[in-house]
Amino acid sequence: MAATEPQIASKNMGNGIVITLLTPQLLEEAEIASLEQSLLQTIKNAMYECVLNFENVNFLSSRCFAY
């Protein structure tokens with residue numbers, strides 16, 4: 001099964017940014033690497049604070065914490 005690119009949404013809030021992960025399951029190495037790139041690109045826009053919202057994520061591989 002081919003990995004899909006993780007989806008995120010971002011919203012500027014005052015001096016920071018809230019990043020919401022929209023992908024319910026992050027399992028594959030390729031998905032995790034893609035998520036890392038998406039997050040890094042989005043975080044560059046944050047002024048001071050960055051909040052990651054995991055409310056839509058049902059399962060997250062522990063590999064996500066290795067990056």
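**Briefing: a 67-residue chain with one helix and five strands**

Apart from neighbours within four places in sequence, Ser 61 is in contact (heavy atoms within 4.5 Å) with Leu 26, Leu 27 and Ile 32. The model is predicted, so local features need pLDDT of at least 70 and side-chain atom pairs count only at pLDDT 80 or more, while totals for chains, interfaces and linings use all residues. Residues are numbered from 1 along each chain as its sequence is written, and side-chain values use heavy atoms, with hydrogens and water left out.

**Overall make-up**

- The chain has one helix and five strands; helices (H or I, at least four residues) and strands (E, at least two) are DSSP runs, numbered from the N terminus.
- Starting at the N terminus, the order of elements is β-β-β-α-β-β.
- Of the 67 residues, 30% count as buried, where buried means under 20% relative accessible area, exposed over 50%, and partly exposed in between (1.4 Å probe, protein chains only).
- The chain has an accessible surface of about 4800 Å², and carbon and sulfur atoms account for 51% of that surface; the areas come from the Shrake-Rupley method with a 1.4 Å probe, and for residues only the protein chains shown count as cover.
- Of the contacts between residues at least 6 apart in sequence, 68% join residues at least 24 apart.

**The sheet**

- Three strands form an open sheet in the order 1-2-4, with mixed pairing; two strands pair if DSSP finds at least two bridges between them.
- Strand 1 (8-13) and strand 4 (49-53) are the edge strands, each pairing on one side only.
- On average, neighbouring strands of this sheet are turned by 20° against each other, direction ignored; axes are lines fitted to C-alpha atoms, for helices over the stretch in contact, and angles run from 0 to 180 degrees between N-to-C directions.
- Strand 1 and strand 2 run antiparallel and are joined by six bridges.
- Within this pair, Ile 8 has Leu 21 of strand 2 as its bridge partner, and Met 13 stands opposite Gly 16 of strand 2.
- The hairpin of strand 1 and strand 2 has two residues between the strands, and Gly 14 in this hairpin takes a positive phi near 60°.
- Strand 2 pairs with strand 4 in the parallel sense over five bridges, and Gly 16 has Glu 49 of strand 4 as its bridge partner.
- Five of the six residues of strand 2 are buried, so this strand is mostly covered.

**The nonpolar core**

- The largest nonpolar core consists of nine residues: Ile 17, Ile 19, Leu 21, Leu 26, Ile 32, Leu 35, Leu 39, Val 57 and Cys 64.
- At least two residues of this core come from strand 2 (16-21), and at least two from helix 1 (29-43).
- A nonpolar core here is a set of buried Ala, Val, Leu, Ile, Met, Phe, Trp, Tyr and Cys residues joined through side-chain atoms within 4.5 Å.
- Not counting neighbours within four places in sequence, the contacts of Leu 21 include Leu 26, Leu 35 and Val 57, along with Gln 7, Ile 8, Leu 52, Asn 53, Phe 54 and Asn 56.

**Two buried serines**

- Ser 61 lies in the segment after strand 5 (59-60), and counts as buried because its relative accessibility is 10%.
- Ser 38 is in helix 1, and its relative accessible area of 16% is why Ser 38 counts as buried.
- Residues up to four places away in sequence aside, Ser 38 touches Glu 5 and Ile 8.
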